[in-house]
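Visitor: I'm new to this one. Could you take me on a close look at the largest pocket and what surrounds it?

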Amino acid sequence: MNKKLTLKRLKGKDLIDALFRKGNNIQSKNLLLKVLESPKEGEILRVGVSVPKRNFRRAVDRNHIKRQLRVVFKEFQGDVHFFGACMLVYKGLKKPLTSELIEEARGMFVK
């Protein structure tokens with residue numbers, strides 16, 4: 001019987017600091033995925049998304065891109081091959097289409 005992966009919010013300063021200090025990078029043209037694997041978490045993946053303020057000054061734009069990044073996680077929820085904590089950072093300079101983000105993230109999540 002195959003359990004379904006549970007997505008939870010990435011919270012806590014200690015966990016986020018550990019993620020950026022010890023985590024592995026998976027990078028594409030406009031996306032950066034920081035991953036900190038944890039076998040004790042079981043079938044839980046703690047997820048965070050981020051868009052730098054220096055690239056998008058308006059909060060409306062940053063929030064829109066964050067919603068798109070959450071859709072990307074939902075799209076690949078069944079294909080994720082790691083558990084623990086991860087953060088998806090958008091580092092592009094222009095507002096993306098959701099379909100572009102999904103295509104770019106396909107190589108990051110699917111092995």
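Guide: Sort the residues lining the largest pocket by character and you get seven nonpolar, one polar and four charged (nonpolar means Ala, Val, Leu, Ile, Met, Phe, Trp, Tyr, Cys and Pro; charged means Asp, Glu, Lys and Arg; the others, Gly among them, are polar). Bear in mind that this is a predicted model, where local features need pLDDT of at least 70 and side-chain atom pairs count only at pLDDT 80 or more, while totals for chains, interfaces and linings use all residues. Residues are numbered from 1 along each chain as its sequence is written, and side-chain values use heavy atoms, leaving out hydrogens and water.

Among the lining residues are Leu7, Arg9, Ile16, Gly48, Arg70, Phe73 and Met87. A pocket here is an open set of points on a 1 Å grid over the protein atoms alone, where a 1.4 Å probe fits, with protein on both sides within 12 Å along at least five of seven lines; lining residues have an atom within 4 Å of a point. The space inside comes to about 320 Å³, a volume filled by probe spheres set on points joined across faces, edges and corners.

Which elements give two or more residues to that lining? They are β1 (6-9), β4 and α2, named from DSSP runs numbered from the N terminus: helices are H or I with at least four residues, strands E with at least two. β1 and β4 also pair with each other, parallel, over four bridges (pairing takes at least two DSSP bridges), and Thr6 faces Ile44 of β4 there. On to β5: six bridges tie it to β4, again in the parallel sense, and Arg46 has Ala85 as its bridge partner.

Now for the nonpolar cores, meaning sets of buried Ala, Val, Leu, Ile, Met, Phe, Trp, Tyr and Cys residues joined through side-chain atoms within 4.5 Å; buried is under 20% relative accessible area with a 1.4 Å probe, protein chains only. The largest has 24 residues, with Leu33, Leu69, Leu88 and Phe109 making the most contacts inside it. β4 (44-50) and α2 (59-75) are among the elements supplying at least two residues each, but α3 gives the most, with five. Met87, from the pocket lining, belongs to a second, separate core of eight residues, along with Leu19, Ala85 and Val89. Phe73, another lining residue, is in contact with Phe109 (contact means heavy atoms within 4.5 Å). Leaving aside neighbours within four places in sequence, Phe109 also touches others, including Leu33, Val72 and Phe76.

Note on methods. Buried means under 20% relative accessible area, exposed over 50%, partly exposed in between (1.4 Å probe, protein chains only).
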